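Me: Hey, I've got a model open and could use some help reading it. Can we go through it bit by bit?

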Amino acid sequence: MAGATDEELVTAVLAGDQDAFGDLVRRYQGRLVNYLVRLLRDVDEAHDVAQEVFVKVYQALDRFDPRYRFSTWLFRVGQNAAIDLIRKRRLKLVSLHRSDDGEEGREWELPSADRGPYGEARNVERGEAIHRAIDGLPDEYRELISLRHFGELSYDEIAQLKEMPLGTVKNKLFRGRQMLKEELAEYLQD
Amino acid sequence: MTTLDHATYREWLDLEADGALGADEAGRLAAHLGECAGCRAERERDVRLREALAAVRVEVRPGFADAVMAALPEAARERAGRPVASRSAWRWAAALLAVLGLASAALLGAGGSALAGGAPLLESLAAVAALLGASLVAGAGLLGASWAGAGLVLGELLILSPGTAVGLGFAVLFLVLLAASLVRRPRHAAAAARPRPRR
């Protein structure tokens, strides 16, 4: 059912075709995992949370309202799960270190696909610079940049998820990307 | 056609890089790019920014989808709201009852044969069955008597204190509804997922 829409796949799952849910998982796994990596800054945790999110969504599928998009629902569940985990981390940090230092001080845990020590170091440096630049954005821009460039949601999907007018989404994304271009100028040259 | 400032073209460039620019605007932008080196350079930066953002995306773990699918059978049972072990628990209880019955019959048979010199096992089984039957009859009788007693008490209450009886009725109704809602609620807290996106 590769060409089926999300809603058709959901209908098929509810009719008993569990494989159709596999199609939904494969369709969204990369986008959800990458969005969660952005939020959680940890690749392994992002995978674990993504798996929990897919299972939660499957359990609640019979309550899915087809008037809405599956993608926005999935990402809302993912966002809630990530926020819960971040809260737990903060509680743990506070209780262990009696410190209020939460996500701000957390290092990025990212793999590097580049070969060779020089390429790897350069890649890691650039990756960290990009994530730091996104971290430095105001909340309202950072969230939309994460949804657009890591969750790969369309403008319409972001507007529905964030309950914002489409024009506001376009405007905030534009401003956020302008800031990123300034911050990452040295990495965007030839 | 009105002349646009560079700020508008920059916004259009941004939308174009996302494939979200309308055909009319795209045509006007292309015409402008033909004569504006600054906007052409900006377009390059827009493209590079997207490439840089795409480059930090991670690959999904091999076998991730399979791991999700393997976790689903359990989730499916929970979605149906049935306790996972209920059916097997009943089977175990039935098996235990059968084993106990057979063991009792065997013991009765052995004891009987020792006393009377060979009472058959079938008679012992019949005795156990009769015992179970008597228990059922006694239980039903007890239940009937309880209901009759409750009826008498309620009758007395209705005559002596109708307000108390009505209050008691509401309390019973509330407890029944509460029990029904608890039984219908899925064990897993799927509701925490907030499945319905708001508009």
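Reply: Sure, one term before we start: a nonpolar core is a set of buried Ala, Val, Leu, Ile, Met, Phe, Trp, Tyr and Cys residues joined through C-beta atoms within 7 Å. Buried means that 20 or more other C-beta atoms lie within 10 Å of a residue's own, with C-beta atoms placed from the backbone. This is a predicted model, where local features need pLDDT of at least 70, side-chain atom pairs count only at pLDDT 80 or more, and totals for chains, interfaces and linings use all residues. Residues are numbered from 1 along each chain as its sequence is written, and chains are lettered from A and ligands numbered from 1 in the order in which they are written.

Me: OK, how many residues are in the largest nonpolar core?

Reply: It has 56 residues, and Leu36(A), Val53(A) and Leu74(A) have the most contacts inside it. Helix H2 of chain A, residues 18-40, gives the most, with 11 residues. Helices here are DSSP runs of H or I with at least four residues, and strands are E runs of at least two, numbered from the N terminus.

Me: What does Val53(A) touch?

Reply: Leaving out residues up to four places away in sequence, Val53(A) touches Leu32(A), Leu74(A), Val77(A), Gly78(A) and Ala81(A). Contact means C-beta atoms, placed from the backbone, within 7 Å.

Me: Which residues are in the second core?

Reply: That separate core has five residues, including Tyr9(B), Leu13(B), Leu15(B) and Leu29(B).

Me: Switching to chain B, how many helices and strands does it have?

Reply: Eight helices and zero strands. Of its 199 residues, 13% are buried.

Me: And how many residues of chain B are in contact with chain A?

Reply: 33 residues of chain B meet 49 residues of chain A. Helices H1 (6-17), H3 (37-55), H4 (64-70) and H5 (72-79) of chain B each supply at least two residues of that side. The chain B side splits into 20 nonpolar, one polar and 12 charged. Here Ala, Val, Leu, Ile, Met, Phe, Trp, Tyr, Cys and Pro count as nonpolar, Asp, Glu, Lys and Arg as charged, and the others, Gly among them, as polar.

Me: Which element of chain B has the lowest mean pLDDT?

Reply: Helix H6 (residues 86-116) of chain B, at 66, while H4(B) has the highest, 95. pLDDT is the predictor's confidence in each residue, from 0 to 100. Over residues 82-86 of chain B it is below 50, and it stays under 50 over residues 186-199 of chain B too. Where pLDDT is low, the predicted coordinates should not be read in detail.

Technical notes. A residue is buried if 20 or more other C-beta atoms lie within 10 Å of its own, exposed if 12 or fewer, and partly exposed in between; C-beta atoms are placed from the backbone. Two residues are in contact if their C-beta atoms, placed from the backbone, lie within 7 Å.
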